[in-house]
Amino acid sequence: MTTTNGDTLRSNAKPATRHTIDANRMVVDQLPFQDRKAYDDARRGFIATMDPLVITDESGRVVWDLEQYAFLQDDSPETVNPSLWRISQLHMTHGLFKVSDRIYQVRGFDISNMTVIVGETGYIIVDPLTSIECARAAMGLVYEHLGEKPIRAVIYTHSHADHFGGVKALVDEDDLVAGGVRVVAPIGFMEHTVSENVYAGNAMYRRAQYMYGQNLAVEATGMVSTGLGIALSQGQISLIEPTDLISASGQELVLDGVRIEFQFTPDSEAPAEMHFHLPEMRALCMAENVSHHMHNLYTPRGAQIRDAAAWSRYIDEAFRRYGDKTDVMFICHQWPVWGTEEIGDFLTEQRDLYRYIHDETLRLAAHGHTMVEIAEMIEFPEGLATSWTARGYYGTLNHNAKAVYQRYLGWFDGNPATLHPHPPVESAKRYVDFMGGADTVLAKARRSFEEGDYRWVAEVVNHVVFAEPTNVAARELQADTLEQLGYQAESAPWRNFYLTGAQDLREGVRTDEATLTTSDVLASMTTDMLLDYLAIRLNGPKASGRKFSVLVQVTDTEESRLAELIHGVLFCRPVDPHGETGADSTLRLTKSTLNGLALGAGTLAEGVRTGAVELSGDEELVYELFTLFDTFSRTFDIVTP
């Protein structure tokens, strides 16, 4: 068996317990599984697909393989929540589909969709998938069945990589100049694309391995879906800077003869996002602000909390602006919705979903309930409770309520007993000691496990694991517990977190390291962003007591920054290179060399040796500065200290 990364993996998975089997059977009784309309809608307009749907890069490495998920055609097993199994089956529908006259989608070639709008002389591409390889394969299917035409424009609906990463399979920078190709995105696209992937990128990357199940075996006891799509493709990510920016709702462009009206929706599902309407085609693109499930107000891989109230208002604005002018609505994941009335129902339901979470969380908080209490108390009202489009396949009601609380009130619940607790290891040692030692805790925890109280077992045994990380019995019991929680989870990210945690406890953390590379996304970092990232890498305690400054001159962009080291902080600011800076040293290099140094793709000594870096003044201070930068591991421990 293989992982989503294509690596061979031996599974140590255990079967579902009777408690898990009973819990999953209850799901069948609670939800309208007899409603099969989504299966028909997901297949509507099918034209053709690749068979088998396996995509490789130039070296032959597999970057997308839908064949390994063929087991999803079977009935739901005991080890998967039946509701999650349902959406995973729907995500297996793949190929080229006709949405309406002149609008087509390629679905199932990546976690996201690529939409093709037929213009007067060529194609307008919306969201060219995550990777070059998958976008190339998708476009090949389009050319085969719709005919080869030039690409006249590309639209990025928002600043997440699965909506722009494949762009260089379709166009390159020369096409923008010579061919007049336009690339359209919301204002702030470049800044948010880069900053979200870098500043907290190392921690996000590791947590994303958990969230997307990237190290799990693809099987019924492992990875079955991401909840948003089957999986993330593992190919090359590219980026081309937009030529046209959307900054206001109502802004219009004409692309290859197609009139498009945009709705600007910042700080919604992404920091930079937009919808658009095609008046002549009576079609509405809602980007990723609506979907056939509940989305994340907080994404477990880590990100800034999203504004539920604004998100809801944007959906309402789209409904008011375009609802009676729309016959088909398409989105950037999953399948379209057809018919003015059905679109209106869908939009109002999605609008009310996020507004309800927002308002109900704050109502309960106003009564003095804490974040954790609210997450247990909150329930959807009639109309949302059993709606398929409100199910927690990606976001959950539990952690979205916590997100709203955190956005307004932060992490502190107001109880001074929780204001300054001991850190996990020290706290765990004290808990285990108070509870009579590890053996006593484990004996009681095993009884709770047999009773099916897995949440309690996970909480208690976590203390033993952190107090005694080499305690094999504790690790095994915790792994068994997380596994059952994963089998019961309706949310794919929750399932993947639980099962990856169980795997790490049983087998240890996989040690294959990946490093930040100079991809198009990272190469798009500004000089100030690169210096900010170096400041993040600075080991503050190690730099304590040191005080000096370095003039950084970026030769090809003619930028100069003074980097001052003081109080354990590296503070950088623009300066006039011809004025008096008072710098102790000078560092001269190109932007690409600075990129490599900041991201760890090269060393200062190597740069000096090859002539890519020139030093003057007190050169030793520059070398000293670079010894103060941390290198981050991308495989740090999560479920153990």
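**Exercise 1. Find how many aromatic pairs the whole structure holds, then describe the pair formed by F46 and F97.**

Step 1. A search of the whole structure gives 17 aromatic pairs. Rings of Phe, Tyr and Trp (its six-membered ring) pair if their centres lie within 6.5 Å; planes under 30 degrees apart are stacked, over 60 edge-to-face, and the rest tilted. This is a predicted model, in which local features need pLDDT of at least 70 and side-chain atom pairs count only at pLDDT 80 or more, while totals for chains, interfaces and linings use all residues. Residues are numbered from 1 along each chain as its sequence is written, and side-chain values use heavy atoms, with hydrogens and water left out.

Step 2. F46 and F97 are edge-to-face, with 5.6 Å from centre to centre and 65° between the planes.

Step 3. F46 belongs to strand β1 (residues 46-48) and F97 to strand β4 (residues 95-100), so the pair ties together parts 51 residues apart in sequence. Helices (H or I, at least four residues) and strands (E, at least two) are DSSP runs, numbered from the N terminus.

Step 4. F46 is partly exposed at 45% relative accessibility, whereas F97 is buried at 0%. Buried means under 20% relative accessible area, exposed over 50%, and partly exposed in between (1.4 Å probe, protein chains only).

Step 5. The charged end of R107 sits over the ring of F97, 4.0 Å from its centre. This term requires NZ of Lys or CZ of Arg within 6 Å of the ring centre and within 35 degrees of the ring normal.

**Exercise 2. Place F46 and F97 in their sheet.**

Step 1. Eight strands form an open sheet with mixed pairing, in the order β1-β4-β5-β6-β7-β8-β9-β10. Two strands pair if DSSP finds at least two bridges between them.

Step 2. β1 and β10 (244-246) are the edge strands, each pairing on one side only.

Step 3. β1 and β4 run antiparallel and are joined by two bridges; F46 stands opposite F97 in β4.

**Exercise 3. Describe the sheet that contains β17 and the helix that packs on it.**

Step 1. The order of this open, mixed sheet of five strands is β19-β18-β17-β20-β21. β19 (569-574) and β21 (613-617) each have a single partner strand, so one side of each lacks a neighbour in the sheet.

Step 2. Strands β17 (residues 548-554) and β18 (residues 559-566) run antiparallel and share seven bridges. L562 in β18 is the bridge partner of L551.

Step 3. Helix α18 (residues 527-537) packs on the sheet and touches β17, β18 and β19. Contact means heavy atoms within 4.5 Å.

Step 4. Buried residues of α18 include M529, L530, Y533 and L534. Their cover includes α6 (189-198), β17, β18, β19 and α20 (591-598).

**Exercise 4. Identify the largest nonpolar core and the residues with the most contacts inside it.**

Step 1. A nonpolar core is a set of buried Ala, Val, Leu, Ile, Met, Phe, Trp, Tyr and Cys residues joined through side-chain atoms within 4.5 Å.

Step 2. The largest has 66 residues, and W64, Y69, F109, M114, I125 and Y156 have the most contacts inside it. Helix α4 (residues 132-146) supplies the largest share, six residues.

Step 3. Another core, of 33 residues, lies apart from it; L594, L597, A598 and V613 are among its members.

Step 4. Y156 also forms an edge-to-face pair with F164, at 6.0 Å between centres and 65° between planes. Both residues are buried.

Definitions and conventions. Axes fitted to C-alpha atoms, helices over the stretch in contact; angles between N-to-C directions.
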